[in-house]
Amino acid sequence: MSQNVGIDLIHFATADFYLGLDVFAQQKNQDVDKYLVGIGQEKMSIAPPDEDIVTLSAKAAEPILAQVDRTKISAVFFATESGVDQSKSASAFVHSLLNLPNRCRVIELKHACYAGAAALQMAVNTVKANPKEQVLVIAADIARYDLDTSGEATQGCGAVAMLVKTDPRILAIEAGSGYHTEDVMDFWRPNHRETALVDGKYSTKVYLSSLKFAWQHFTEETGRGFDDIQQFCYHIPFTKMAEKAHKQLVKQVGVKQPDQLTSQQVAASQIYNRVIGNSYSASLFVGFCSLLDHKPNLDNQRIGFFSYGSGCVAEFFSGVIQPGYQNVLMTAEHQQGIKARSALTYQQYLDLYHHTEPNQANITFPEYHAGPFRLSGIQDHKRCYLKTGQ
């Protein structure tokens with residue numbers, strides 16, 4: 001009998017600052033309900049200059065490593081589309097900050113918002129091939145768009161760390177998944193740009209189309225259907241997208257159920273994203289953390305996951321919640337991290353927005369946030385990270 005493999009521990013982190021969309025709407029002379037109701041967003045986490053995907057990821061992973069023997073970590077699979085170097089993997093920086101063993105493999109994966117799911121599947125298969133392996137999976141991104149564009153209100157940032165091993169205490173990933181790929185231009189970021197280009201309406205259309213095809217493949221590959229799944233987690237570029245996706249899936253499978261039940265299958269997974277904003281490759285797993293922290297009594301329930309990455313790749317897979325999972329959740333830490341953020345004025349937001357990483361060989365960044373990890377500067381084109389111990 002094969003061993004279960006999946007998520008043993010999970011923890012996420014976000015930046016120490018946020019901009020309320022009430023402040024944003026007032027500045028733009030728009031009805032706040034355009035954001036609160038229209039896209040389902042309330043706040044967006046904003047990273048200062050001394051916070052990047054590396055520091056966010058270290059902050060997400062350290063509480064996990066504090067509970068285990070970090071010398072047993074055999075690999076770090078880091079998913080992001082906010083890379084800090086064209087050659088060196090962001091996971092190499094994280095490996096150093098977290099004092100992980102030298103007998104460890106590190107790699108960075110990229111495909112828009114899908115890469116986190118790819119990293120998780122790669123980790124699961126790595127452990128299945130060698131049950132002694134323990135893999136740290138990280139998905140982290142900082143979502144930025146041009147000012148005064150439709151995407152600006154969906155900005156955000158976050159990092160999710162997951163420990164993948166045999167006999168997981170939270171989620172056993174099931175064999176089989178459905179996937180779909182096609183070459184489309186709904187969202188992209190050329191190397192010369194700091195912000196992405198996006199065709200929002202087209203991207204929504206491709207997201208929903210990809211869900212249709214990935215679900216068909218999933219049912220063919222696994223034999224599992226809609227009624228076999230109790231809760232659903234979707235990639236959330238903005239909160240209302242999860243509702244759109246689930247309503248389409250309900251219609252696609254021909255299930256007759258009241259809107260209240262449809263909402264109950266996704267609502268708990270939307271709560272954190274509503275106040276964090278888009279975190280690209282991390283958003284699906286921020287949603288999973290939200291489900292775990294807000295929906296009680298999930299023992300033995302099957303969770304359906306849909307990951308979508310513009311460009312595009314999509315995958316639908318499933319996992320089963322393990323009995324006693326609540327004993328190892330870090331709900332209090334998640335909620336404290338969100339609550340402790342400081343609100344920005346619109347001018348403060350603009351100041352941080354325009355303080356993008358300069359094209360300089362040498363620079364020292366002011367100390368904006370308390371830590372526990374920060375980007376202190378760049379010396380001779382080399383990124384300098386500090387562990388503050390806070």
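Me: Helices (H or I, at least four residues) and strands (E, at least two) are DSSP runs, numbered from the N terminus. With that in hand, where is the place of Gln-231?

Reply: Gln-231 sits in strand 12, which covers residues 231–234. Before you go on, keep in mind that this is a predicted model.

Me: Okay. Does Gln-231 count as buried or exposed?

Reply: The general idea is a cut-off: buried means under 20% relative accessible area. Gln-231 has 5% relative accessibility, so it counts as buried. You can also look at what it touches: leaving out residues up to four places away in sequence, its contacts include Gln-264, Val-266, Leu-291, Lys-295 and Ile-303.

Me: Let's try another one. Where does Thr-14 lie?

Reply: Thr-14 is in a loop, the one joining strand 1 (5–13) to strand 2 (17–20). Being in that loop doesn't put it on the outside: Thr-14 is buried, with a relative accessible area of 6%. Not counting residues up to four places away in sequence, Thr-14 touches several others, among them Ser-45, Leu-56, Cys-157 and Arg-341.

Me: Nice, a cysteine. How many disulfides does the structure hold?

Reply: Idea up front: a disulfide is a covalent bond between the sulfur atoms of two cysteines. This structure holds zero of them. For Cys-157, the closest cysteine sulfur belongs to Cys-113 and is 14 Å away, which is too far for a bond. Cys-233 is in no disulfide either; its nearest cysteine sulfur, that of Cys-289, is 9.4 Å away. The cut-off you need is that the two sulfurs must be within 2.5 Å.

Me: Is Cys-157 buried or exposed? And what about Cys-233: buried or exposed?

Reply: Cys-157 is buried, at a relative accessible area of 0%. Cys-233 is buried as well, at 2%.

Me: Now helices. At what angle do helix 9 and helix 10 pack?

Reply: In general, two packed helices are described by the angle between their axes and the distance between the axes. Here, helix 9 (residues 267–276) and helix 10 (residues 283–294) pack at about 125°, and their axes are 6 Å apart. That makes helix 9 oblique to helix 10. The crossing of helix 9 past helix 10 is right-handed.

Me: Which residues in helix 9 meet helix 10?

Reply: From helix 9 the list includes Ala-268, Ile-271, Tyr-272 and Ile-276; on the helix 10 side, the partners include Val-286, Cys-289, Leu-291 and Asp-293. The residues in this contact divide into seven nonpolar, seven polar and one charged.

Me: How does Thr-239 fit in? What is Thr-239 in contact with?

Reply: Thr-239 is in helix 7 (residues 239–253), and at 0% relative accessibility it counts as buried. Leaving aside its neighbours within four places in sequence, Thr-239 is in contact with Ile-39, Gly-40, Gln-41, Gln-270, Asn-273 and Arg-274.

Me: What about helix 4? How many of its residues are buried?

Reply: Six of the eight residues of helix 4 (residues 90–97) are buried, so you can call it mostly covered. Those buried residues are Ala-90, Ser-91, Phe-93, Val-94, His-95 and Leu-97. The cover includes helix 3 (53–65), plus strands such as strand 4 (75–79) and strand 17 (373–379).

Me: At what angle do helix 3 and helix 4 pack?

Reply: The angle is about 45°, with the axes of helix 3 and helix 4 9 Å apart. The two helices are therefore oblique to each other. Ile-53, Val-54, Ser-57 and Ala-58 in helix 3 meet Ala-90, Phe-93, Val-94 and Leu-97 in helix 4. That contact divides into seven nonpolar residues, one polar and no charged.

Me: Last topic, the backbone. Which peptide bond to a proline is cis?

Reply: The one from Gly-371 to Pro-372 is cis, with omega near 15°. Pro-372 is in the loop between strand 16 (363–364) and strand 17. The bond from Gly-311 to Cys-312 is cis too, with omega near -5°.

Me: And what is phi of Asp-380 near?

Reply: Phi of Asp-380 is near 55°, a positive value in a residue other than glycine. For His-381, phi is near 70°, again positive. Asp-380 is in the loop between strand 17 and strand 18, and so is His-381. At 52% relative accessibility, Asp-380 counts as exposed; His-381 counts as exposed at 63%.

Terms used: Residues are numbered from 1 along each chain as its sequence is written. This is a predicted model: local features need pLDDT of at least 70, side-chain atom pairs count only at pLDDT 80 or more; totals for chains, interfaces and linings use all residues. Side-chain values use heavy atoms; hydrogens and water are left out. Buried means under 20% relative accessible area, exposed over 50%, partly exposed in between (1.4 Å probe, protein chains only). Contact means heavy atoms within 4.5 Å. Axes are lines fitted to C-alpha atoms, for helices over the stretch in contact, and angles run from 0 to 180 degrees between N-to-C directions. Angles under 35 degrees count as roughly parallel, over 145 as roughly antiparallel, 65 to 115 as roughly perpendicular and the rest as oblique. A crossing is left-handed if the near helix is turned anticlockwise from the far one by less than a right angle, and right-handed if clockwise. Ala, Val, Leu, Ile, Met, Phe, Trp, Tyr, Cys and Pro count as nonpolar, Asp, Glu, Lys and Arg as charged, and the others, Gly among them, as polar.
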